[in-house]
Amino acid sequence: TKTAKPTGMPYAAAITSMESSTFIPDSTCGVMYVAGQALDKSGTPVTALQVYLGGNLPGKSFNPALKTLAGLATAYGPSGFEFNLGVKPAASKDSLWIQLSDQSGAPLTDQIFLTTSIDCKKNLIFVRFQLK
């Protein structure tokens with residue numbers, strides 16, 4: 001687990017890579033995911049926040065950024081979110097980013113750059129956003 005560098009933004013992020021079958025039992029190594037949850041200071045789920053994912057992976061661009069809402073992918077908890085990247089696991093460093101925003105689109109985190117792996121046991125990047 002790594003924690004994103006502290007910023008003046010109200011939310012921090014803890015990032016862990018794991019096998020997607022941890023949350024999606026019928027998933028295979030054929031696809032990469034970025035998923036997670038949003039929590040308040042006490043660890044209570046916060047829903048309806050916007051989550052953006054952008055950048056590039058080998059063979060795929062996420063520009064313009066993809067968008068989802070916390071709370072739509074409950075396999076990751078009541079405030080869960082998920083991006084199915086639609087590509088096989090690939091190694092990259094700082095070419096893919098994620099960002100949490102409020103309902104009006106105002107950023108709650110900076111863009112947080114991710115490291116991906118070709119390892120099937122790390123085809124899910126799990127991001128836990130928590131209010132500081």
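Are Tyr 76 and Phe 126 buried or exposed? In this predicted model, Tyr 76 is buried, and so is Phe 126. The two residues return below, once the overall fold has been described.

The protein is built from nine strands and has zero helices. Its elements therefore follow one another along the sequence as β-β-β-β-β-β-β-β-β. For a chain of 132 residues, a compact globule would be expected to show a radius of gyration near 14 Å, and the protein agrees with this expectation because its own value is 14 Å. Along the principal axes, the C-alpha atoms occupy a box of roughly 35 × 30 × 25 Å. Buried residues make up 42% of the 132 in the protein. Contacts also reach across the sequence: when partners at least 6 residues apart are considered, 68% of the contacts join residues at least 24 apart.

The surface can be described in a similar way. About 6,400 Å² of the protein is accessible, and carbon and sulfur atoms account for 56% of that area. Charged side chains number 11 positive and 8 negative, with 5 Å between the centres of the two sets.

A good place to begin with local detail is the aromatic residues. In general, a pair of aromatic rings is described by the distance of the centres and the angle of the planes. The model contains five aromatic pairs. One of them is formed by Phe 23 and Phe 126, whose rings are stacked, with 5.2 Å from centre to centre and 5° between the planes. This pair links distant parts of the chain, since Phe 23 sits in the loop between β2 (11-18) and β3, whereas Phe 126 belongs to strand β9 (residues 124-131), 103 residues apart. The partners are covered to unlike degrees: Phe 23 is partly exposed at 25% relative accessibility, while Phe 126 is buried at 4%. Phe 126 also pairs with Tyr 76; here the ring centres lie 6.3 Å apart and the planes meet at 40°, so the arrangement is tilted. Again distant parts of the chain are linked, with Tyr 76 in the loop between β5 and β6 (80-84) and Phe 126 in strand β9, 50 residues apart. Together, Phe 23, Tyr 76 and Phe 126 form one aromatic cluster.

The loop that carries Phe 23, between β2 and β3, also holds Ser 20. Ser 20 counts as buried because its relative accessibility is 1%, against a limit of 20%. Beyond its neighbours within four places in sequence, Ser 20 is in contact with Ser 27, Thr 28, Tyr 33, Asn 123 and Leu 124. One of these partners, Leu 124, falls within the residue range 124-131 given for strand β9.

The loop between β3 (33-39) and β4 (50-57) offers two further residues to inspect, one of them Ala 48. Ala 48 is not a glycine, yet its phi is positive, at about 70°. With a relative accessibility of 27%, Ala 48 is partly exposed. Leu 49 lies in the loop between β3 and β4 as well, but this residue is buried, with a relative accessible area of 8%. Leaving out residues up to four places away in sequence, Leu 49 touches Tyr 11, Ala 38, Thr 68, Leu 69, Ala 70, Leu 100, Ser 101, Asp 102 and Leu 108. Between the C-alpha atoms of Leu 49 and Thr 74, which are 25 residues apart along the chain, the separation is 14 Å.

Some backbone features occur within strands. In strand β5 (residues 60-69), Pro 64 is joined to Asn 63 by a cis peptide bond, with omega at about 10°. Strand β7 (residues 92-101) contains Asp 94, another residue other than glycine with a positive phi, in this case near 60°. Asp 94 is partly exposed, its relative accessible area being 40%.

A final residue, Thr 115, is placed in strand β8 (residues 112-116). Its relative accessibility of 36% makes Thr 115 partly exposed. The C-alpha atom of Thr 115 lies 7.8 Å from that of Ser 95, although the two residues are 20 apart along the chain.

Definitions and conventions
Residues numbered from 1 in each chain as written. Predicted model: local features only at pLDDT ≥ 70, side-chain atom pairs only at ≥ 80, totals over all residues. Heavy atoms only, no water. Helix = DSSP H or I, 4+ residues; strand = E, 2+ residues; numbered from the N terminus. Rg over C-alpha atoms; globule rule 2.2 N^0.38 Å. Buried < 20%, exposed > 50% of the residue type's maximum accessible area, 1.4 Å probe, protein only. Contact = heavy atoms within 4.5 Å. Areas by Shrake-Rupley, 256 points an atom, 1.4 Å probe, with all protein chains shown as cover. Lys, Arg positive; Asp, Glu negative; His and termini not counted. Charge placed at Lys NZ, Arg CZ, Asp CG, Glu CD. Phe/Tyr/Trp six-rings, centres within 6.5 Å; stacked < 30°, edge-to-face > 60°.
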